[in-house]
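Work through the following exercises with the sequence and the coordinates at hand. Try each task before reading its solution.

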Amino acid sequence: MREFQNDPNFALISEVSGSQPPREDKLHMLIAATLVLAMIGFATAGVMPLLTAALLCVAGMLLTHCMSLSNAGSAISVSVVLTIALSFGLSKGQDHRRGRTA
């Protein structure tokens, strides 16, 4: 493993700084899987919008300690969220400019 340590083709075998091994707690795995399946089911069945179901899923994972608050925060990419949010505004502005109303 040491001979490929600096080879960019083998980045996956290198240790990532600040990483931790995945948890192997079967109970939390079952809870997380149940929450995700419920989120997908509720959104697919039209019981609630996907955003609401996703936020409830995250809240459930935080409350059951499947995920820590720091892990949840580090999973959010601010640049991606801003790009998505700004694209909605840009789309709305282009529709307004073309005379379309929603």
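The exercises below concern a predicted model and go from the whole chain to single residues.

**Exercise 1. Overall make-up**

Task: State how many helices and strands the protein chain has, and in what pattern they follow along the sequence.

Solution:
- Step 1. The protein chain holds 4 helices and 0 strands.
- Step 2. Read along the sequence, the pattern is therefore written with helices alone, as α-α-α-α.
- Step 3. For the contacts, take pairs at least 6 apart in sequence: 44% of them join residues at least 24 apart.

**Exercise 2. Surface and burial**

Task: Find what share of the residues is buried, and what share of the accessible surface belongs to carbon and sulfur atoms.

Solution:
- Step 1. The protein chain has 102 residues, and 10% of them count as buried.
- Step 2. Its accessible surface is about 8800 Å².
- Step 3. Carbon and sulfur atoms account for 66% of that surface.

**Exercise 3. The largest nonpolar core**

Task: List the residues of the largest nonpolar core and name the helix that gives the most to it.

Solution:
- Step 1. The core has 7 residues, namely Ala 32, Met 39, Met 48, Ala 53, Cys 57, Met 61 and Cys 66.
- Step 2. At least two of these residues come from each of helix H1 (26-45) and helix H2 (50-63).
- Step 3. H2 gives the most, with 3 residues.
- Step 4. Within the list, follow Ala 32: beyond four places in sequence, Ala 32 touches Met 61 and Cys 66.

**Exercise 4. The largest pocket**

Task: Give the volume of the largest pocket and describe its lining by class.

Solution:
- Step 1. The space in this pocket is about 150 Å³.
- Step 2. The lining consists of Met 39, Ala 54, Cys 57, Val 58, Met 61, Met 67, Ala 72, Gly 73, Ala 75 and Ile 76.
- Step 3. H2 and helix H3 (69-74) are the elements that give two or more residues to this lining, and H2 gives the most, with 4 residues.
- Step 4. Sorted by class, the lining has 9 nonpolar residues, 1 polar residue and no charged residues.
- Step 5. Compare the lists: Met 39, Cys 57 and Met 61 appear in the core and also in the pocket lining.

**Exercise 5. Two histidines**

Task: Decide whether His 28 is buried or exposed, and do likewise for His 65.

Solution:
- Step 1. His 28 lies in helix H1.
- Step 2. Its relative accessibility is 19%, so His 28 counts as buried; the cut-off is under 20%.
- Step 3. Apart from neighbours within four places in sequence, His 28 is in contact with Arg 23, Thr 64, His 65 and Cys 66.
- Step 4. His 65 lies in the loop between H2 and H3.
- Step 5. At 57% relative accessibility, His 65 counts as exposed, because exposed means over 50%.
- Step 6. Check the backbone as well: most residues other than glycine have a negative phi. His 65 is not a glycine, yet has a positive phi of about 65°.

Notes: Residues are numbered from 1 along each chain as its sequence is written. This is a predicted model: local features need pLDDT of at least 70, side-chain atom pairs count only at pLDDT 80 or more; totals for chains, interfaces and linings use all residues. Side-chain values use heavy atoms; hydrogens and water are left out. Buried means under 20% relative accessible area, exposed over 50%, partly exposed in between (1.4 Å probe, protein chains only). Contact means heavy atoms within 4.5 Å. Accessible areas come from the Shrake-Rupley method with a 1.4 Å probe; for residues, only the protein chains shown count as cover. A nonpolar core is a set of buried Ala, Val, Leu, Ile, Met, Phe, Trp, Tyr and Cys residues joined through side-chain atoms within 4.5 Å. On a 1 Å grid over the protein atoms alone, a cavity is a set of points where a 1.4 Å probe fits but cannot get out, and a pocket is an open set with protein on both sides within 12 Å along at least five of seven lines; lining residues have an atom within 4 Å of a point. Grid points are joined across faces, edges and corners, and a volume is the space filled by probe spheres set on the points. Ala, Val, Leu, Ile, Met, Phe, Trp, Tyr, Cys and Pro count as nonpolar, Asp, Glu, Lys and Arg as charged, and the others, Gly among them, as polar.
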